[in-house]
Amino acid sequence: LEQVGEEWMRGVVCIFEANMTCCRRKHEGMSRCDQESLVLPLLAMWYKVSVAQTRNIDPTQGTQMLYKIMASQRDAVFPRSFPFETPKGKLEHRVLFGDLIERLDNRIAESSDEQ
């Protein structure tokens, strides 16, 4: 396996900036966007990386790099909302992460204080 570079990672973590197939097709036959299905897995990844960073559990270069990249591009990595376009062209403003990242960060900080 080859180690990936920081510049490559910077682009990859901003997955919500991509033009997803469901969005290009204006969500024909769909009530949800694929972006909405990615919220929980990305929350889990942020939790794991944040806990590792704040508690120095996994001080590997990869974990530290991922935390640094995600934290520095927080709004792009975890957008609060997104435009959902219906097949008829109507735009709906939908919540994506909302305030979940701030709440998760607060929970991690509280649990770190308890230890």
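## Close-up views of the predicted model

At 28% relative accessibility, Glu6 counts as partly exposed; the class lies between buried, under 20% relative accessible area, and exposed, over 50% (1.4 Å probe, protein chains only). The model is predicted, so local features need pLDDT of at least 70 and side-chain atom pairs count only at pLDDT 80 or more, while totals for chains, interfaces and linings use all residues. Residues are numbered from 1 along each chain as its sequence is written, and side-chain values use heavy atoms, with hydrogens and water left out.

**View A. Glu6 and Arg10 form a salt bridge within helix H1.** The closest N and O atoms of the pair are 3.1 Å apart. A salt bridge here is a side-chain nitrogen of Lys or Arg within 4 Å of a carboxyl oxygen of Asp or Glu. Glu6 and Arg10 are 4 residues apart in H1, about one turn of the helix. Helices (H or I, at least four residues) and strands (E, at least two) are DSSP runs, numbered from the N terminus. Like Glu6, Arg10 is partly exposed, in its case at 25% relative accessibility. A network of salt bridges links Glu6 and Arg10 with Glu7 and Lys68. The structure holds 9 salt bridges.

**View B. A nonpolar surface patch joins Val4, Trp8 and Val12.** Together these residues have about 270 Å² of accessible area. Areas come from the Shrake-Rupley method with a 1.4 Å probe; for residues, only the protein chains shown count as cover. Patches are made of residues with over 30% relative accessible area and no salt bridge; like charges are joined within 9 Å, and nonpolar side chains (Val, Leu, Ile, Met, Phe, Trp, Tyr) within 5 Å. Trp8 sits in H1, residues 6–12. Trp8 counts as exposed because its relative accessibility is 51%.

**View C. Lys26 and His27 have positive phi in the loop between H2 and H3.** The loop joins helix H2 (21–24) to helix H3 (34–37). Most residues other than glycine have a negative phi. Lys26, not a glycine, has a positive phi of about 55°. For His27, also other than glycine, phi is near 55°. Their burial classes are not shared: Lys26 is partly exposed at 32% relative accessibility, whereas His27 is buried at 2%.

**View D. Arg32 approaches Phe84 across the sequence.** The two are 52 residues apart in sequence and 8.6 Å apart in space, C-alpha to C-alpha. Arg32 belongs to the loop between H2 and H3. With 45% relative accessibility, Arg32 is partly exposed. Phe84 is a buried residue of strand E1.

**View E. Helix H5 carries its buried residues on the same side.** H5 (residues 61–72) has 12 residues. From its first C-alpha to its last, H5 reaches 16 Å, close to the 16 Å expected at 1.5 Å a residue; the expected span is 1.5 Å times one less than the number of residues. Thr63, Met65, Leu66, Ile69 and Met70 are the buried residues of H5. They cover an arc of only 165° around the axis, which puts them on the same side of the helix. The arc is that of the directions from the helix axis to the C-beta atoms.

**View F. Strands E1 and E2 form a hairpin.** E1 (residues 81–85) and E2 (residues 91–95) pair in the antiparallel sense over 5 bridges. Two strands pair if DSSP finds at least two bridges between them. Between E1 and E2 lie 5 residues, and Gly89 in the turn has a positive phi of about 90°. Ser81 has Val95 as its bridge partner in E2, and Phe82 has Arg94. Side chains alternate along E1. Phe82 and Phe84 point to one face and are buried; Ser81, Pro83 and Glu85 point to the other and are not.

**View G. Glu102 and Arg80 form a salt bridge.** The closest N and O atoms are 2.7 Å apart. The pair links distant parts of the chain, 22 residues apart: Glu102 in helix H7 (residues 100–114), Arg80 in the loop between helix H6 (74–77) and E1. Glu102 is partly exposed, with a relative accessible area of 30%. Arg80 is also partly exposed, at 45%.

**View H. Asp99 meets Arg103 in a salt bridge.** The N to O distance between the side chains is 3.5 Å. Asp99 counts as partly exposed because its relative accessibility is 38%.
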